[in-house]
Amino acid sequence: MIEEKSMEHLQLRIKNIRTETSSSKSYFIEEVNGKKIEYKGGQFFTLLVNLHGKEVRRSYSISSAPGVDTQIYFTIKRIENGELSRYLLDHLHIDDVITSLPPTGRFTIDVPESELAVFVSAGSGITPVFSLIKHLLYQFSDTNVLLIYQNHNEEESIFREELLLLQKKFSGRFLIKEIFSHPIDHTRPSQRLNNNLLERILLQTVHTNSVRFYLCGPEAFMRMALFTLKVMGYSQDTIRRENFFATAPPPPFMTDTNPHNVTINYHNKKYHIKVAYPHNILEVALKHNIHLPYSCRGGRCSSCTSICTTGRVRMTINDVLTPKDLENGLILTCVSYPETDVELTFDATDVNRVIDNNVNL
Ligand SMILES: Cc1cc2nc3c(=O)[nH]c(=O)nc-3n(C[C@H](O)[C@H](O)[C@H](O)COP(=O)(O)OP(=O)(O)OC[C@H]3O[C@@H](n4cnc5c(N)ncnc54)[C@H](O)[C@@H]3O)c2cc1C
Ligand code: FES
């Protein structure tokens, strides 16, 4: 019962590498067979790398924007003591081929739903944001964009030059508020984005109720931004988040420890497994060599999304599915525990159909 692994995998050739900052590089890629890679701005690749005999998966957001950039690229920032970021930055060369899952992710904007899109970002959190900003500026002339961008200093600010050029090109529609904790230019204030500063910037710059927020940065930074927006009275459904950093949450409290039947429809095959607390559906499926898609295993990236067509599951965490997604039966299998017998479908067309019917903020 082993799923044909390569069915869903891309083989990406590194066409070019561009150094962005002292700790980050962009990798320009193409599919080895020349096939066009379909993606939306804000989505990510999940790279599968064999490191010391074991497969390591990490996601990297696509910084290019379809319809704007001719080449697709993602950007990796070095994490001190990080297992894969350090390895890739030191060992990935032009013409190397790397395995990846197809682009996925829900941090996307099909059609803007507001007059103003506010991005609050820090460090490598700019990677999907850069793609979305280009998408909005070039393809939706009625939408204004505000970027609040925290970095250590000017040189560590990924895509800074390109962003400043965009601000010039789209002046009147695109405003950047740069914040540096240790600016090189000493005439600039040394600041960290905190609740007070974020609130002050928003009060000064946001003059419409038609606004949506997109947050991407370190976990504590996102918590601060989310809290500030809520205190300012913005509702949850105006705020979207992309969380790069996930630790698997513990199983939820459940009294029912009986095994439940789980039927999985994947790549036109039906699999039957039994899942009992405290194990989640993804974990048990992988143990049975059903190679479902996944990346973070922490309920934050959405790679493992399926539709629950029958029965009910309990999810421990959900940072990516909207209330509408949940209404449509979407679940994150990596944090899902069956409460009844359930049937799931991963059929890409089914999931995409549900996603396409959804309102994207
Ligand atoms: C949806 C998604 C999109 C992502 N897009 C990008 C991207 O475009 N560019 C990019 O560089 N990374 C991105 N990431 C993060 C990336 O997948 C890895 O987590 C990151 O490269 C660290 O992996 P590692 O193996 O080097 O570190 P690990 O060995 O996994 O971790 C080492 C240590 O660093 C901590 N850590 C891990 N990630 C971070 C972080 N981001 N900030 C602070 N501490 C961290 C861990 O808790 C651990 O203590 C994304 C993650 C997700 C889920
Ligand atoms: S694997 Fe990331 S949300 Fe499930």
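**Reading the ligand site and two backbone features**

Reader: How many residues surround ligand 1, and which are the closest?

Author: Ligand 1 is surrounded by 19 residues, each with a heavy atom within 4 Å of it, and the closest are R58, S59, Y60, L84 and S85. This is a predicted model, in which local features need pLDDT of at least 70 and side-chain atom pairs count only at pLDDT 80 or more, while totals for chains, interfaces and linings use all residues. Residues are numbered from 1 along each chain as its sequence is written, chains are lettered from A and ligands numbered from 1 in the order in which they are written, and side-chain values use heavy atoms, with hydrogens and water left out.

Reader: Which elements supply that shell, and which gives the largest share?

Author: Elements here are DSSP runs numbered from the N terminus (helices: H or I, at least four residues; strands: E, at least two). β4, β5 and α1 each supply at least two residues of the shell around ligand 1, and β4 gives the largest share, with 4 residues.

Reader: What is 2.7 Å from an oxygen atom of ligand 1?

Author: A polar contact to the ligand is a pair of N or O atoms within 3.5 Å. An N or O atom in the side chain of R58 lies 2.7 Å from a ligand 1 oxygen, and the side chain of Y60 likewise places an N or O atom 2.7 Å from an oxygen of ligand 1. The backbone also takes part, with a polar atom of K77 at 2.8 Å from a ligand 1 oxygen. Taken alone, ligand 1 exposes 920 Å² (Shrake-Rupley, 1.4 Å probe), and the protein buries 78% of that area.

Reader: Where does ligand 1 sit, and how should I read the space?

Author: Rolling a probe the size of a water molecule over the atoms shows where empty space is left. On a 1 Å grid over the protein atoms alone, a cavity is a set of points where a 1.4 Å probe fits but cannot get out, whereas a pocket is an open set with protein on both sides within 12 Å along at least five of seven lines; lining residues have an atom within 4 Å of a point. Ligand 1 takes up the largest pocket, with more than half of its atoms within 2 Å of the grid points. The volume of this pocket, counted as the space filled by probe spheres, is about 1200 Å³. Of its 41 lining residues, I79, S124, P218, F244 and F245 are the closest to the centre. β4 (54-61), β5 (72-77), α1 (84-91), β8 (144-151) and α5 (219-231) each supply at least two lining residues, and the largest share, 5 residues, comes from β4.

Reader: How many cavities of 30 Å³ or more does the structure hold?

Author: The structure holds 1. The largest cavity has a volume of about 40 Å³, and its lining includes M254, D256, H260, Y277 and H279.

Reader: Which peptide bond is cis, and which residue has a positive phi although it is not a glycine?

Author: Most residues other than glycine have a negative phi, and most peptide bonds are trans. Here the bond from Y277 to P278 is cis, with omega near 10 degrees, and P278 is found in the loop between β13 (269-275) and α6 (281-287). F159 has a positive phi of about 65 degrees, and F159 is in the loop between β8 and α3 (160-169).

Technical notes. Polar contact = N/O pair within 3.5 Å; in protein donor to acceptor, adjacent residues only side chain to side chain.
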